[in-house]
Amino acid sequence: MVVFIIRRILLMIPVLLGATILCFVLVDVVNDPVQDKIFEISQSTGEPVPQSTIDALESSLYYDRGIPERYWIWLTGIGDTNGDIGLLQGKWGPSIEGSAMDIGYEISTRFWITLRLVLFATIASIGIAILAGVVSAVKQYSRTDYTLTFLGFLFLAMPIFWLGSLFKEGAVQLNKILGSTVFQTYGSGTTGFRGNGWEVFIDSLPFLIVPTLVLMLGGYAAISRYQRASMLEVMNSDYVRLARAKGVRNRTVMRRHALRTALIPVATFAPLALSGAMGGAMVTESIFGWRGLGVYSLDAINAGDTFAVMAYVLISGVVVLIGVLISDILYGVLDPRIRYE
Amino acid sequence: MKRHHIAAVAALACSALALTACGRGDDTTASSLDACIDDPAGCNSGARADGGEITWALDSSWASWNQNTSEGNNAYAAVALVGMWPATGQFNPEGEYIVNEGVFASAPTLVKEDPVTVEYTLQAGANWGDGTDISVDDFIYHWYATSGDASLCEGCDPANITRGSQVESITGDGSKVTVTYKESYHSAEWQYEEVLSEPAHVAEEQGFDWQNDPKDMAAAEDYFSKTVPTWSTGPFKIEDAKVGEHVIYVPNEDWAGETEVTLDKVTFRVIEGLDNITTALRNGEIDGASPFSVNAETVTQLQGAAGLEYQVAGGPSWEHIDLNTQSEFLSDPVLRQAVFTAIDVENIIGRTYAYVQSDIERKGNHLFRNGSEYYTDYLSATGQGTGDIELAYDMLDEAGYKLEDGVLHTPDGDPVELDFRYSESKENRRITGELVQSNLADLGIDVELKSIPDADLGSVLGEGEFDMIDFGWSSEPTFVAAASQYWETGSGSNFGGLSDPALDALIAEVNGTLDLDEAAVRANVAVQQVVQDAYSLPIVDTPVVVMVSDRLVNVRDNWASQQRAAYNIAEWGVAAE
């Protein structure tokens with residue numbers, strides 16, 4: 001097992017390198033953020049931008065170098081730099097947004113914001129999905145099964161931006177009826193609120209309810225279908241039939257024999273779902289103003305902020321790869337038929 | 001009445017509502033923002049209660065605390081820092097310049113014309129909010145930071161150096177500070193120049209020897225870019241802030257201004273997206289916003305909301321179509337004139353901007369806003385923007401162009417083909433492109449519409465990758481620098497590559513007088529020359545919206561200031577019971 005984990009971790013390195021090279025080239029080739037910055041400045045000041053400022057901008061953002069050199073500097077920090085770049089030295093590079101925007105700080109704080117959002121949503125969606133999947137399978141082809149199946153497909157078919165907007169408007173109307181602001185529609189907490197982890201969590205509850213519901217319903221549908229299929233397969237297996245033939249009570253068969261085995265696919269899917277959600281909550285974050293990783297990546301891509309995009313690619317890549325690894329390990333732990341050499 | 005007739009009447013009623021430019025939620029009584037049409041600087045006034053809090057949304061973020069620098073100079077930073085920044089003054093919604101009462105006792109005076117020498121009188125007790133008075137050193141600090149001179153600030157990246165590079169010396173005597181400019185400085189807008197930014201004493205406290213070491217000067221600028229300002233020269237001081245996200249202000253007890261501040265707290269927070277802002281306002285999460293765009297959906301949402309007021313009016317930028325004088329076909333001024341003549345601007349306005357602002361007017365002057373004392377419409381008489389295809393074709397026919405099989409050919413026999421570029425997220429610009437395409441099809445010109453990803457507008461302009469392009473410029477009341485920026489040969493913002501020696505000479509004349517009225521006369525002559533060059537076709541002042549809770553008073557929009565509605569933040573308040 002240890003050898004397997006080490007081998008998988010080592011394999012992550014070329015995967016991440018490949019991903020970063022591809023993204024770096026894609027973002028760098030299609031953008032010229034310095035020109036855009038110059039235009040913005042001239043729009044703002046109403047006056048021409050001095051050449052010395054343009055030169056300083058290019059130099060500070062390393063746009064006075066070619067793409068291969070920029071990538072090398074970003075990765076290693078070796079060469080003629082301003083001392084603010086080099087992943088291997090723990091420096092993420094300058095952001096096009098300005099020197100006050102520290103990419104490392106942004107990524108680390110936004111990681112927790114996104115985690116706060118997707119953790120509850122993923123746990124809740126998996127919980128509901130297991131329940132719905134099991135009920136659907138046990139009551140196969142019943143009215144309950146059809147209702148749950150319909151709801152599952154309904155939420156699966158709804159675009160998340162539409163579902164988000166719908167729930168947001170619903171929250172506003174509910175607030176009106178209640179005469180309060182229980183549901184907040186934008187942001188992840190009270191502006192400027194400071195406190196310890198628990199206080200921050202409590203403060204964020206009014207902001208958390210609606211986006212969590214949206215993410216949960218958007219994510220639950222697919223998992224519930226997995227769970228239903230898995231449960232049905234197990235229920236029709238020989239050992240479950242044998243247990244029933246031996247006179248074991250139905251509830252015991254379901255709980256001890258069927259459900260335990262039927263949970264394996266979902267249990268192994270969970271880390272993957274969580275890691276995927278970490279990088280993919282872009283739409284929900286945008287709609288509800290959560291300044292997490294998703295929004296950060298969207299802004300960085302729109303602005304052509306290469307080093308910020310790279311930071312996001314790296315972090316989300318690592319999270320996804322770790323999710324896949326945990327998922328693979330869980331397979332081995334939960335399913336005795338699988339052995340890692 | 002048949003069902004489809006009822007639906008038609010309902011649709012008509014909805015359209016009529018959507019076309020209304022301002023109003024108040026469910027209420028049918030006149031809104032106090034309605035008065036802004038006749039009284040732009042005094043509308044929505046009222047008695048203020050003692051105390052209260054306001055949360056105001058900004059529709060985009062900012063990336064630095066230092067407006068001197070290229071990364072910090074944008075409209076959102078200007079709003080975020082409005083409560084504490086030492087601006088010389090600003091224009092009110094009527095276009096009148098108001099000197100910053102917390103810093104200056106009076107408007108600057110011109111004590112000598114050659115070289116231009118300007119004297120500033122500091123307000124008694126004007127200070128940085130930390131017990132230190134504003135002094136001549138602070139004026140010198142700002143000069144060094146914006147000089148563009150490596151011997152004063154090595155490695156600085158000022159957003160502009162137009163004024164800073166022209167300063168010869170700065171001296172002080174008590175509350176009087178005298179700025180002497182170089183011989184080459186002759187701006188009629190000398191009284192509007194920004195002369196202060198950051199506190200020199202804070203730079204010194206941080207160990208920067210900015211007066212003697214140009215590298216330390218740059219390091220001090222970098223420090224101010226990254227550090228949340230604890231100092232303030234304005235009516236408020238920052239209690240808490242995060243760059244690009246929020247600023248929380250509390251009253252500055254040391255403010256030297258006379259306007260009484262009644263609010264206990266003002267919070268600026270970023271909410272991106274018009275829809276998100278409107279929803280947050282309806283949900284009571286914010287008290288107002290003055291985003292830099294508006295659409296019909298927003299107006300509809302605001303109309304249905306109780307307890308809110310809003311107004312849609314021309315904002316701080318103007319839309320225009322520019323032609324690339326370096327392109328294969330448009331290098332011919334006759335073709336440019338014909339293209340502009342064939343474009344129907346009124347039709348464009350009617351199908352785009354008029355949906356959100358029913359009283360919108362076509363813009364007839366590149367430098368002066370409709371209604372300005374210097375405004376003259378130089379476009380209508382030329383036929384440009386009238387959609388007169390016959391007149392356009394006559395021009396081309398006279399110049400040897402030929403229409404063959406419905407396709408316009410140059411005198412050399414080449415079919416004329418053009419592209420039209422626009423930002424992909426700007427719906428009105430896309431529609432403008434389609435209408436231009438239709439207008440020019442009548443002239444036998446094939447126009448290809450090519451959208452631009454929002455982040456690439458600057459590079460498309462900078463590289464001149466267009467034949468025709470629709471974009472916006474800021475429309476502040478100042479005009480002297482604008483003429484040079486837009487049209488002077490070689491200017492980095494002269495994106496269409498216009499090179500007209502006669503126009504360059506006129507621009508030099510605009511910059512060659514200290515008399516504002518005379519400069520305006522000269523600027524208008526330059527506008528006439530640009531019209532003749534058929535280089536840029538103004539459309540409208542881009543509509544924007546201000547939306548506020550009806551519990552607020554003294555809050556109104558201001559097109560003439562980058563701070564928009566926050567320009568008079570000291571006067572903001574919650575209505576007295």
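The following conversation concerns a predicted model with a chain A and a chain B.

Q: What should be known about the model and its numbering before we start?
A: This is a predicted model, in which local features need pLDDT of at least 70 and side-chain atom pairs count only at pLDDT 80 or more, while totals for chains, interfaces and linings use all residues. Residues are numbered from 1 along each chain as its sequence is written, and chains are lettered from A and ligands numbered from 1 in the order in which they are written.

Q: How many helices and strands are there in chain A?
A: Chain A has 13 helices and two strands. Helices (H or I, at least four residues) and strands (E, at least two) are DSSP runs, numbered from the N terminus.

Q: And what does the C-alpha trace of chain A span?
A: About 85 × 60 × 35 Å along its principal axes. Of its 341 residues, 43% count as buried; a residue is buried if 20 or more other C-beta atoms lie within 10 Å of its own, exposed if 12 or fewer, and partly exposed in between, with C-beta atoms placed from the backbone.

Q: Which residues of chain A does UniProt annotate as "transmembrane region"?
A: The unreviewed entry gives residues 9-27, 111-134, 146-167, 205-223, 262-289 and 309-334 of chain A. UniProt positions are in the numbering used here, feature names are shortened, and annotations may be inferred rather than shown by experiment. In the model, residues 9-27 of chain A are 100% helix and 0% strand, with end C-alpha atoms 27 Å apart. Residues 111-134 of chain A are also 100% helix and 0% strand, and their end C-alpha atoms lie 33 Å apart.

Q: How many residues of chain A are in contact with chain B?
A: 41 residues of chain A are in contact with 54 residues of chain B, where contact means that two C-beta atoms, placed from the backbone, lie within 7 Å. On the chain A side, helix 2 (33-45), helix 3 (51-60), helix 7 (160-178) and helix 12 (293-303) each give two or more residues. Helix 2 of chain A gives the most, with eleven residues.

Q: Which residues of helix 7 of chain A are buried?
A: They are Leu163(A), Gly164(A), Phe167(A), Lys168(A), Ala171(A), Val172(A) and Asn175(A). Their cover includes helix 8 (197-235) and helix 11 (282-288) of chain A, together with helix 6 (274-282) of chain B. After helix 7 of chain A comes Gly179(A), with a positive phi near 65°.

Q: Turning to chain B, why is helix 8 largely enclosed?
A: Eight of the ten residues of helix 8 (residues 333-342) of chain B are buried, so the rest of the structure largely encloses this helix. Among the buried residues are Arg336(B), Gln337(B) and Phe340(B). The cover includes strand 13 (308-323), helix 10 (389-398), helix 11 (427-441) and strand 19 (536-549) of chain B.

Q: Is Asp412(B) buried or exposed?
A: Asp412(B) is exposed, with 6 other C-beta atoms within 10 Å. Asp412(B) sits in the loop between strand 15 (407-409) and strand 16 (417-423) of chain B. Its C-alpha is 8.4 Å from that of Tyr401(B), eleven residues apart in sequence.

Q: In what order do the four strands of the open sheet in chain B run?
A: The order is 5-6-8-7, with antiparallel pairing; two strands pair if DSSP finds at least two bridges between them. Strand 5 (109-113) and strand 7 (167-173) of chain B are the edge strands. Strand 5 and strand 6 (residues 116-121) of chain B pair over four bridges.
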